[in-house]
Amino acid sequence: MRDTSDIKDMRDALMAAIIDLAKAHPEVVFLDSDLSSCVNSVPFAKEFPTRFFNCGIAEANMVGVAAGLSSMGFVPYAHSFGCFSSRRAYDQFFLSVNYAGQRVHLIGTDAGVTAQINGGTHMPLEDVGLMRLIPDLIVLDPSDTQSLYDLTIQAFESGHSSYTRLRRKGGTHRYAPGQVKLGKGNVLADGKDLAIVATDEVIVNEAVKAVDLLKQKGISATLVDIHTIKPLDTELLDKVSKETGHVLVCENARYAGGLGEAVAAHLATTYPAKMDFVCIGERFGEVGKLDYLMKTFHLTAEDIAAKAEALIKR
């Protein structure tokens with residue numbers, strides 16, 4: 001198990017895991033859509049030149065090629081920006097990979113508003129909803145470099161296909177090796193007044209700040225990092241909903257089909273609570289730096305704290 005505390009960017013933690021897997025498993029191959037410099041897959045290409053394929057700006061074809069490689073016994077990792085991995089290559093990933101029983105690990109970078117100045121066309125705000133619809137697919141949204149590394153390894157070991165969303169540049173160091181398990185959320189704070197359920201690196205970072213803001217107002221919040229959106233840790237969700245009676249779900253994606261909808265649908269059948277959501281509503285993305293976009297889409301710690309306070313008073 002590798003310690004990623006020395007890794008600066010999320011993309012480098014991802015590639016470190018894939019390179020480590022490739023060293024141990026000769027069936028691992030990597031496909032890119034002419035974005036090697038963006039995800040920093042160049043080291044993989046240099047170390048394994050016969051196992052790296054630049055498929056060009058043709059994402060649907062890339063996923064089709066990945067499906068073919070899988071059918072021949074390889075385990076492909078395929079990367080593009082999340083908007084293209086999800087929306088443009090969805091039919092190929094749904095049918096040629098998952099329906100056909102193949103095994104491909106699809107990667108979507110620049111998740112949600114972290115696409116920043118690439119603008120609204122490049123913001124995958126609905127990728128979670130699309131990928132949750134695929135039967136038996138693992139959907140990951142890790143909150144730091146270590147969880148990204150560890151979950152990449154664990155998804156490979158599961159034998160299932162997966163979709164992983166992440167921002168490329170910048171990275172948080174939250175966990176030590178071995179602290180994160182696929183399908184099991186992590187409790188980052190214990191409280192009694194409400195449970196904040198968060199996913200995604202930038203959102204979990206804001207949620208951590210929100211817990212402190214709420215503490216200053218005498219509000220005690222539990223914070224759960226749901227790095228695995230599918231399969232969902234329903235046992236932990238039942239526990240925090242039963243204990244607090246108030247659940248605020250926060251994500252860097254749309255409510256429709258997203259984590260909030262998944263949590264609400266589950267809790268409706270077990271331990272219903274008063275709920276609210278911090279997420280992308282009925283709007284498209286736009287151009288801007290991350291700080292501006294977090295404020296514009298109401299994803300900041302202050303937004304989370306305000307919704308939590310209002311939820312408790314409701």
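These legends walk through several views of one protein, and the model is a predicted one.

**View 1. The whole protein, from end to end.**
Start with the full chain of 314 residues, which has a radius of gyration of 19 Å; a compact globule with that many residues would come out near 20 Å, so the two agree. Draw a box around the C-alpha atoms along the principal axes and you get roughly 60 × 35 × 35 Å. Inside that box the chain makes 13 helices and 12 strands. Buried residues account for 60% of the 314. What's left showing adds up to about 12,300 Å², with carbon and sulfur atoms supplying 54% of that surface. Now think about who touches whom: take the contacts between residues at least 6 apart in sequence, and 79% of them join residues at least 24 apart.

**View 2. An open sheet of five strands.**
Here we zoom in on a sheet whose strands sit in the order β7-β9-β8-β11-β12, with mixed pairing. Its edges are β7 (186–189) and β12 (274–280), and each of these pairs on one side only. Neighbouring strands in the sheet are turned against each other by 25° on average, ignoring direction. A quick reminder: strands of a sheet pair through backbone hydrogen bonds, and they can do it parallel or antiparallel.

**View 3. The β7 edge, close up.**
Which way does β7 pair with β9? The two strands go together in the antiparallel sense, over three bridges, with β9 covering residues 221–225. To find one of the pairs yourself, look for V187, whose bridge partner in β9 is V224.

**View 4. The β12 edge and its neighbour.**
Over at the other edge, β11 and β12 pair in the parallel sense, and six bridges link them. One spot to look for is V247, which has M275 as its bridge partner in β12. Follow the chain through β11, α11 and β12 and you trace a right-handed β-α-β unit. Is β12 enclosed or open? Five of its seven residues are buried, so β12 is largely enclosed by the rest of the structure.

**View 5. Two helices lying across the sheet.**
Helix α10 (residues 234–244) lies across β7, β8 (194–198), β9 and β11 (246–254), and runs at about 150° to β8. Helix α11 (residues 259–267) lies across β8, β11 and β12, and runs at about 145° to β11.

**View 6. Some unusual backbone spots.**
Before you look, keep the usual pattern in mind: most residues other than glycine have a negative phi, and most peptide bonds are trans. K230 and P231 are joined by a cis peptide bond, with omega at about 5°. You'll find P231 in the loop between β10 (228–230) and α10.

Next up is Q116, a residue other than glycine with a positive phi, near 50°. Q116 sits in the loop between β4 (105–109) and α7 (127–132). Its relative accessible area is 25%, so Q116 counts as partly exposed.

Finally, there's D200, which is not a glycine either but has a positive phi of about 90°. Look for D200 in the loop between β8 and α9 (201–216). Is D200 buried or exposed? Its relative accessibility is 4%, and the cut-off for buried is under 20%, so D200 counts as buried.

Definitions and conventions:
Residues numbered from 1 in each chain as written. Predicted model: local features only at pLDDT ≥ 70, side-chain atom pairs only at ≥ 80, totals over all residues. Heavy atoms only, no water. Pairing = 2+ DSSP bridges. Helix = DSSP H or I, 4+ residues; strand = E, 2+ residues; numbered from the N terminus. Axes fitted to C-alpha atoms, helices over the stretch in contact; angles between N-to-C directions. Contact = heavy atoms within 4.5 Å. Rg over C-alpha atoms; globule rule 2.2 N^0.38 Å. Buried < 20%, exposed > 50% of the residue type's maximum accessible area, 1.4 Å probe, protein only. Areas by Shrake-Rupley, 256 points an atom, 1.4 Å probe, with all protein chains shown as cover. Right-handed = clockwise from strand over helix to strand, strands pointing away.
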